[in-house]
Amino acid sequence: MVVQRLIRAVIMGPPGSGKGTVSGRIIKTFGLQHISSGDILRANIEEKTELGLLMKSCIDQGQLVPDAIMSRIILSNLRRIDHSGWLLDGFPRTVPQAEALDQAYVIDTVINLDVPFQTIKERLTSRWTHIASGRVYNTDFNPPKVPGLDNITGEPLVQRDDDKPETVTRRLKSYETQTEPVLEYYRSKGVLESFSGTETNKIWPHVEAFLHRKFSSLSQRAA
Ligand SMILES: Nc1nc2c(ncn2[C@@H]2O[C@H](COP(=O)(O)OP(=O)(O)O)[C@@H](O)[C@H]2O)c(=O)[nH]1
Ligand SMILES: Nc1ncnc2c1ncn2[C@@H]1O[C@H](COP(=O)(O)OP(=O)(O)O)[C@@H](O)[C@H]1O
């Protein structure tokens, strides 16, 4: 009997590197559940929950949400989908978050999107988001069918407050100081795979081929 081992994967990369875009393709191709820390936080802000109200100014200023709060939210979301394979997007972003995740799950695959900061700065100013679903568009790269509206629901798209140029610079700085050490953490565990480039459509076939190989070797080992 082949025992299908549940996939525990993480996607990393600087803000705007294409994590949301690539995650959409991964979950469609490999049938994983997508947990995005940014989507969860934005949904809380939208619904004006206590957490959302507390975290809004932090996020708008391009600062990270405190580790203990973030780890608690993500781990409680993961517990609800324990029976499925999943892809984590935007978490962990600090070494303490990676350690908290390690105490609960064994992470077998970490994909790192290595995109130059200059490319990112150009992209984020033209990013449009459907808050309820987390679907992202770009006025140049993947424009919505009807300008300003989500392709699936027809609801309005918004420009994120934290995509302003000065906030983007702050987020990239915090990525360098707080998140790059997480890459080292996973590299030393032997689970990190990096993909470099400036275009998602060129990076994606390499990610897809890698995951096909990786997931089939994981399910063979579990058999
Ligand atoms: N021009 C261009 N835009 C891209 C490309 N890949 C993704 N984008 C857009 O860049 C923005 C950031 O991508 P997103 O997936 O949200 O990145 P994340 O912040 O890492 O989750 C979005 O507006 C995407 O539509 C690309 O290859 N070229
Ligand atoms: N794991 C995390 N730890 C702390 N803060 C986070 C985390 N994930 C998201 N955030 C907060 O939410 C904001 C938006 O995150 P996200 O949607 O992942 O955007 P991006 O990848 O484009 O930076 C971050 O700038 C940060 O303030």
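**A guided reading of the sheet and the two ligand shells**

In strand β4, I111 is the residue that stands opposite I11. This pair offers a starting point for reading the structure, which is a predicted model. A second pair links the two strands in a similar manner, for V10 stands opposite V110 in β4. Strand β1 comprises residues 8-12 and strand β4 residues 109-114; the two run parallel and are joined by four bridges. In general, the strands of a sheet pair through backbone hydrogen bonds, and the pairing may be parallel or antiparallel.

Strand β1 has a further partner. Four bridges also join β1 to β3, again in a parallel arrangement, and here R8 stands opposite W86 in β3.

Is β1 covered or open to its surroundings? Five of its five residues are buried, and the strand is therefore described as mostly covered. In a regular strand, side chains alternate between the two faces of the sheet. In β1, R8, V10 and M12 lie on one side, while A9 and I11 lie on the other, and these residues are all buried, so both faces of the strand are covered.

The wider sheet can now be described. It is an open sheet of five strands, paired in parallel, with the order β2-β3-β1-β4-β7. Strands β2 and β7 (192-196) stand at the edges; because each has a single partner strand, one side of each is left without a neighbour in the sheet. From one strand to the next, the twist averages 20°. Helix α1 packs on this sheet and touches β1, β2, β3 (86-89) and β4. The direction of α1 makes about 175° with that of β3.

The edge strand β2 spans residues 33-36 and includes S36. Is S36 buried or exposed? S36 counts as buried because it has 21 C-beta neighbours inside 10 Å, and the cut-off for a buried residue is 20 or more. Apart from residues up to four places away in sequence, S36 touches G20, S23, D89, G90 and G134. By comparison, the C-alpha atoms of S36 and I59 are separated by 15 Å, these residues being 23 apart along the chain.

The next residue to consider is S37, which belongs to helix α2. S37 has 20 C-beta neighbours inside 10 Å and therefore counts as buried. Its contacts, leaving aside neighbours within four places in sequence, are M70, I74, G90 and F91.

S37 also leads to the second ligand. Ligand 2 is surrounded by 19 residues, of which the closest are P15, S37, G38, L64 and G90. Two elements give two or more residues to this shell, namely α2 (37-46) and α3 (50-60). The largest share, three residues, comes from α2. By type, the shell around ligand 2 divides into eight nonpolar, seven polar and four charged residues.

An unreviewed UniProt entry lists a "binding site" that includes S37, L64, V65 and G90 among its positions. The listed positions are spread over 135 residues of sequence, and they are also spread in space, with up to 24.4 Å between C-alpha atoms. V65 is found in the loop between α3 and α4 (67-79). With 17 other C-beta atoms within 10 Å, V65 is partly exposed. Not counting residues up to four places away in sequence, V65 touches L41, M55, C58 and M70.

Ligand 1 can be examined in the same way. Which residues come nearest to ligand 1? Of the 19 residues around ligand 1, these are K19, G20, R127, N138 and F141. The elements that give two or more residues to its shell are α1 (19-30), β6 (135-138) and α8 (200-222). The shell around ligand 1 contains four nonpolar, ten polar and five charged residues.

A final annotation concerns residues 127-162. The unreviewed UniProt entry labels this span "domain: Adenylate kinase active site lid". In the model, the span is 0% helix and 22% strand, and its end C-alpha atoms lie 11 Å apart.

Key. Residues numbered from 1 in each chain as written. Chains lettered and ligands numbered in written order. Predicted model: local features only at pLDDT ≥ 70, side-chain atom pairs only at ≥ 80, totals over all residues. Near = placed C-beta within 6 Å. Nonpolar A, V, L, I, M, F, W, Y, C, P; charged D, E, K, R; others polar. Buried ≥ 20, exposed ≤ 12 C-beta atoms within 10 Å, placed from the backbone. Contact = placed C-beta atoms within 7 Å. UniProt positions renumbered as here; feature names shortened; annotations may be inferred. Pairing = 2+ DSSP bridges. Axes fitted to C-alpha atoms, helices over the stretch in contact; angles between N-to-C directions.
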